[in-house]
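This report is for a reader who has not met this structure before. Please look over the sequence and the model shown next, then follow the sections in turn.

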Amino acid sequence: MIKIDFKQKLGEYVEKITGKSVGFSPLDVSLPLFLNRYSFVQGTVLDVDFVFAFEKEAVLMPKEYSRHLERLREKFKLPVVFVFESLPLVRRNALVKMQVPFVVSGMQLFLPPLASLVEKNVVSAKKVTRFLPLTQLLVLKELLKGSVDGMSIKDVTSEFGYSAVTGKKAFDELVGMDLAEVTSEWPGRLRLLVHGRELWDRALPALRSPVRREWLSRTFPPTVVGAGLSALSRRTTLADDQLPTVACEPKGGRGEDETPYREEACCKVQEWRYKPLLFGAKEVDPFSLWLSLRDVRDPRVVGALEDMMEEVWKNR
């Protein structure tokens, strides 16, 4: 007999993952004695019927579940998914390698028979409109250094100083945009599906300007770097504005020297969503610079941005 709360938790977890509600119906069937260790219900996810096999006894070795899976498939003529209240990580990894479908409620869902349907629905349910700053940093790191493949969430949090939760969200966003996948082996590692120009083009709709806010200042704040038109003028033949633009790190803050009057200002200050100088660079990177100016309609700026990006791709 299946605990009602356990079945409810399972339904809530699968719905959270797939974005669709799960319908259960009782399943009473005569089976060999060695398969009576399971309780069964028929479930429907993404309009596909399959059988949940709830483990009632002590956990077996993974190879035993692989053998049981074949017998249950023959009996039910439907995809079968084993359900566990808990399962050690080493056992989960072994089941993944054997392609044995399973659910550990609240922890992991592995459904290779329905992978394409689940993936399609999950991507739709988690449609990304704008990347988190960390997600954007991972794209920029790949474009600038080509060294994102193989990173784990721990690697990302260690390098960029974000929490593991944010690291997981960043991985999810890349997967949701069909830009990457995460390996099933522990620890899950990022594997990009596209690189270079294709990565840039496909990520572009979700990439945002690095500029969080901008203001005029009577003095130059400490620790700033050339940005905006000032940075673009150093990369192209475009002349700089009379009022130079500089960028500061997140939470640079507006000081007492802020002014609403251009004639009183000595510079224009941008507070960026992430550090303006990335990966040991001495100037802002061309991709972030392009994003910060892409909404400018001045033909001279548009032309200079095109020249800059043409040079960027020529050298890659």
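In which sense do strand 9 and strand 12 pair, and over how many bridges? Strand 9, which spans residues 211-217, pairs with strand 12 in the antiparallel sense, over 2 bridges. Ser217 is the residue that stands opposite Glu258 of strand 12.

## Confidence in the model

The model is a predicted one. Its chain has an average pLDDT of 84, and 87% of the residues score at least 70. Over residues 115-126, however, the pLDDT is below 50. In the model this stretch has 16 contacts beyond near neighbours in sequence. Where pLDDT is low, the predicted coordinates should not be read in detail.

## The sheet of 5 strands

Strand 9 and strand 12 belong to an open sheet of 5 strands, arranged in the order 10-11-13-9-12 with mixed pairing. The edges of this sheet are strand 10 (225-226) and strand 12 (258-259), each of which pairs on one side only. Strand 9 also pairs with strand 13, in the antiparallel sense and over 6 bridges. Within strand 13, Lys268 is the residue opposite Leu216.

A helix lies across part of this sheet. Helix 9, made of residues 228-235, lies across strand 10, strand 11 (245-248) and strand 13 (267-272). The direction of helix 9 is at about 110 degrees to strand 11.

## The sheet of 6 strands

The model also has an open sheet of 6 strands, in the order 1-2-3-4-5-6, and its pairing is mixed. Its edge strands are strand 1 (23-26) and strand 6 (108-110), each pairing on one side only. From one strand to the next, the twist averages 25 degrees.

One of its pairings joins strand 4 (residues 80-84) to strand 5 (residues 102-104) in the parallel sense, over 3 bridges. Phe84 stands opposite Val104 of strand 5. Helix 2, residues 62-76, lies across strand 4 as well as strand 2 (38-45) and strand 3 (48-55). With respect to strand 4, helix 2 runs at about 130 degrees.

## Helix 5 and helix 8

Two packed helices are described by the angle between their axes and the distance between the axes. For helix 5 (residues 133-145) and helix 8 (residues 196-203), the angle is about 155 degrees and the axes are 10 Å apart. Helix 5 is therefore roughly antiparallel to helix 8. Their crossing is left-handed.

On the helix 5 side, the contact is made by Val139, Glu142 and Leu143. Helix 8 contributes Gly196, Leu199, Trp200 and Ala203. By class, the residues of this contact are 5 nonpolar, 1 polar and 1 charged.

## Helix 10 and helix 11

How are helix 10 and helix 11 placed relative to each other? The axes of helix 10 (residues 286-293) and helix 11 (residues 299-314) come within 11 Å and cross at roughly 155 degrees. An angle over 145 degrees counts as roughly antiparallel, so helix 10 and helix 11 are roughly antiparallel to each other. The crossing of helix 10 and helix 11 is left-handed.

From helix 10, the residues that meet helix 11 are Pro286, Phe287, Leu289, Trp290 and Leu293. Their partners in helix 11 are Leu305, Met308, Met309, Val312 and Trp313. This contact of helix 10 with helix 11 has 10 nonpolar residues, with no polar and no charged ones.

Key: Residues numbered from 1 in each chain as written. Predicted model: local features only at pLDDT ≥ 70, side-chain atom pairs only at ≥ 80, totals over all residues. Heavy atoms only, no water. Pairing = 2+ DSSP bridges. Helix = DSSP H or I, 4+ residues; strand = E, 2+ residues; numbered from the N terminus. Contact = heavy atoms within 4.5 Å. Axes fitted to C-alpha atoms, helices over the stretch in contact; angles between N-to-C directions. Parallel < 35°, antiparallel > 145°, perpendicular 65-115°, else oblique. Left-handed = near helix turned anticlockwise from the far one by under 90°. Nonpolar A, V, L, I, M, F, W, Y, C, P; charged D, E, K, R; others polar. pLDDT = per-residue confidence, 0-100.
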